Amino acid sequence: MPSGKGILFGKASLFLLAAFILFQIEQAVAPTLSKSEAVSEKNPPPAEKPVEKPPEVSAESAEKATVIAEFASAAAQNLQLKTNVGWAFGGKSQQGWQIYEPLIRETIKAETDAGSAEFAAALSERQKSLGLSPSGILDESTFRLFISNWQLRRLKQRTPAAAEELAAGAPTDFYDPGRAPELRQIEHETYAAYKKMVVAAAADKSLNLKTNSDGTLASGERFLKIVSSYRSKDYQNQLRAASPNSGRAALAVNFSPHFTGRALDVYVGGEPVSTEDQNRLAQVNTPVYKWLVKNAAQFGFRPYFYEPWHWEYVGVN
Ligand SMILES: [Zn+2]
């Protein structure tokens, strides 16, 4: 048991270390930023008061530096675990969670990458609210809980779409515009939500998507085009027969969300629907995938964590 004095001394030295780190950072940054550069358009300074830096370290920055000191070790462990931790899914052994880093960051609302102390601090908060030990370390048990929570948010519907719920989407909305009309069927609400979502993505200039004058995706753009939508049970069986080694995770035997017409595979880069790790790692690092992770929910779409291209329409609640 540490003495009370020891704890007090530990806290005080942590704070001093934090203040020292901050002082160093500010010294390093100060000469490179002029006042006008530091003020962004979004946050103009108050008109009357002249902006003046307080002479001491602000409470907020001191807190930030304390977080860095407190979670530095967890951050270092996360950097290892993201490529090393072993787990199993879909009858296959898996390594690391780096493919799921964008989803994890969205889940814990971390602004910075998985090797940062801020990430570990945000994770620690989430662990606390989930009743886990708030270590800030993304170990196997924490990751498993994240997976089950993601899975719980998916489409609950298990009934195949009736013919009147489906209509063929426009050829130009498809990755392969030559796809037969029966392979372009989508449930009505899902299609309307998809169209809205794509217009919103196209309007985000940071994604650099090629657009038409009406704001829809140009025919030369591949990102976000639909690779696969409604699939009948017969068609799913044909796909499975054509690639018998794709495994349970890839092509469900008894039920696929694609039977409902509410699941869409959209193009997010790389090989459109290959579960190979390197392919998925490339896909989750595209700006379009990251945009979906942040924005698809407001259009009613939820991800399937294992397949970056697969999104299910559950509606907006
Ligand atoms: Zn799919």
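**Entry 1: getting my bearings**

Helices and strands here are DSSP runs, with at least four residues for a helix and at least two for a strand, and their numbers start from the N terminus. With that in hand, I looked up the totals for this predicted model: the protein chain has 11 helices and 8 strands. I then checked burial and found that 30% of the chain's 317 residues count as buried. For contacts between residues at least 6 apart in sequence, I noted that 62% join residues at least 24 apart.

**Entry 2: two helices that cross**

Next I turned to a helix pair. Two packed helices are described by the angle between their axes and the distance between the axes. I looked at helix α3 (residues 59–84) and helix α5 (residues 117–129), which pack at about 90 degrees with axes 7 Å apart. Angles of 65 to 115 degrees count as roughly perpendicular, so α3 is roughly perpendicular to α5.

Which residues make this contact? From α3 I listed Val67, Ile68, Phe71, Ala72, Ala74, Ala75 and Asn78, and from α5 I listed Ala117, Glu118, Phe119, Ala120 and Ala121. Sorted by class, the contact has 10 nonpolar residues, 1 polar and 1 charged.

**Entry 3: the largest nonpolar core**

In soluble globular proteins, nonpolar side chains tend to be buried together. I went looking for the largest nonpolar core here, and it has 58 residues. Ala120, Met197, Leu224 and Val266 touch the most other members. At least two residues each come from α3, α4, α5, α7, β6, α11 and β8. Which element gives the most? My note says α7, with 7 residues. I also saw that domain 1 (62–152) and domain 2 (163–313) each supply at least three residues to this core.

I picked Val266 for a second look. Setting aside neighbours within four places in sequence, I found Val266 in contact with Leu224, Lys225, Ile226, Val227, Trp309 and Trp311.

**Entry 4: helix α11**

I moved on to α11, which covers residues 287–295. Its buried residues include Val288, Tyr289, Trp291, Leu292 and Val293. What do the buried residues of α11 pack against? I wrote down three helices' names, α4 (101–108), α7 (188–203) and α10 (277–284), and then the strands β7 (301–304) and β8 (307–313).

**Entry 5: one residue in β8**

Last, I looked up Glu307, which lies in strand β8. Is Glu307 buried, exposed or partly exposed? Buried would take 20 or more C-beta neighbours within 10 Å, and exposed 12 or fewer. Glu307 has 17, so this residue counts as partly exposed. I also noted that Glu307 and Tyr100 are 207 residues apart in sequence, yet their C-alpha atoms are 9.9 Å apart in space.

Methods. Residues numbered from 1 in each chain as written. Predicted model: local features only at pLDDT ≥ 70, side-chain atom pairs only at ≥ 80, totals over all residues. Contact = placed C-beta atoms within 7 Å. Axes fitted to C-alpha atoms, helices over the stretch in contact; angles between N-to-C directions. Parallel < 35°, antiparallel > 145°, perpendicular 65-115°, else oblique. Nonpolar A, V, L, I, M, F, W, Y, C, P; charged D, E, K, R; others polar. Core = buried A, V, L, I, M, F, W, Y, C linked by C-beta atoms within 7 Å. Domains from an automatic or database assignment.
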